[in-house]
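User: Please walk me through this structure with questions and answers. Keep the sentences short.

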Amino acid sequence: MELIKRHARSMNLSELQHDVLCELINIGMGRAAGAMNKMTRNHIDISTPKVSLLSHKELASYYARAGDKLDIIKLTFEGHFSGATGLIFTQQNATNFVSLLLKDIDIHSRVFAALREDSLKEVGNIALIWIMGALSNALKEHLKYQPLEYLTEFESFLGSTREDILALLIKTIFEVENQRTSGEIVILFNQEKFASLIDSINALIDGGGSGCC
């Protein structure tokens, strides 16, 4: 996993903080893959993610350049470090991924259309809960979650977030039976809450915990 350390100086993100953050995300991704395997009865691998730390402007520009229609599963969380996270696919990639999970159902059928959104929500719920759970459990911080939202507009995902937000953009590959589909997970924080996350990571480091990825 690689963290592109833009804004690292302003947030005082050290190599050790970077390593711990990467390791926690890696743990969450691994556990999410295991839970998806049990739920879907398919063998699903999630590649080691690449993580970028982006500003509000950089994140908005990234998705504006892509220009693709999106499927977004959003999960809002509250606690010591609050914000929102989302599993994001292009609509084509979302259809491809769901078709791998529902391999016996014609993608042009009404049944597939009816199951598509629910399938994305189930996968999104697992991925997002396990990643945020890995962070909150290791950092001994309790998070409360709001109900999942299904969105198709990136601006709706950003909602009323302010210009001072930072985003962790996790690019990853979902592999089902040797067929790959790309997706992304985005975690949004304002800078104050991201600083709280770093404080919690520092406490973990001071307590003897560390990670390497």
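Analyst: Buried means under 20% relative accessible area, exposed over 50%, and partly exposed in between (1.4 Å probe, protein chains only). This is a predicted model, so local features need pLDDT of at least 70 and side-chain atom pairs count only at pLDDT 80 or more, while totals for chains, interfaces and linings use all residues. Residues are numbered from 1 along each chain as its sequence is written, and side-chain values use heavy atoms, with hydrogens and water left out.

User: Is Phe154 buried or exposed?

Analyst: Phe154 has a relative accessible area of 8%. The cut-off for buried is under 20%. Phe154 is therefore buried.

User: What kind of aromatic pair do Phe154 and Phe157 form?

Analyst: Rings of Phe, Tyr and Trp (its six-membered ring) pair if their centres lie within 6.5 Å; planes under 30 degrees apart count as stacked, over 60 as edge-to-face and the rest as tilted. That rule gives eight aromatic pairs. For Phe154 and Phe157, the centres are 5.7 Å apart and the planes differ by 40°, so the pair is tilted.

User: Which residues join Phe154 and Phe157 in a cluster of ring pairs?

Analyst: Phe154 and Phe157 sit three residues apart in helix α6 (residues 154-158), about one helical turn. Helices (H or I, at least four residues) and strands (E, at least two) are DSSP runs, numbered from the N terminus. Phe157 is buried, at 0% relative accessibility. Ring pairs link Phe154 and Phe157 with Tyr62 and Tyr63.

User: How many bridges join strand β3 to β8?

Analyst: Two strands pair if DSSP finds at least two bridges between them. Strand β2 (residues 44-46) runs antiparallel to β8, with three bridges. In the β3 pairing, Lys50 stands opposite Lys171 of β8. Strand β3 (residues 50-55) is also antiparallel to β8, and the bridges number six.

User: Over how many bridges do β8 and β9 pair?

Analyst: Strand β8 (residues 165-176) has ten of its twelve residues buried. Leu166 has Phe189 in β9 as its bridge partner. In the hairpin, two residues lie between the strands, and Glu177 takes a positive phi near 50°. The pairing of β8 and β9 is antiparallel, and the bridges number twelve.

User: Is Thr181 buried or exposed?

Analyst: Thr181 lies in strand β9 (residues 179-190). Contact means heavy atoms within 4.5 Å. Not counting residues up to four places away in sequence, Thr181 touches residues including Phe89, Asn93 and Phe174. With a relative accessible area of 5%, Thr181 is buried.
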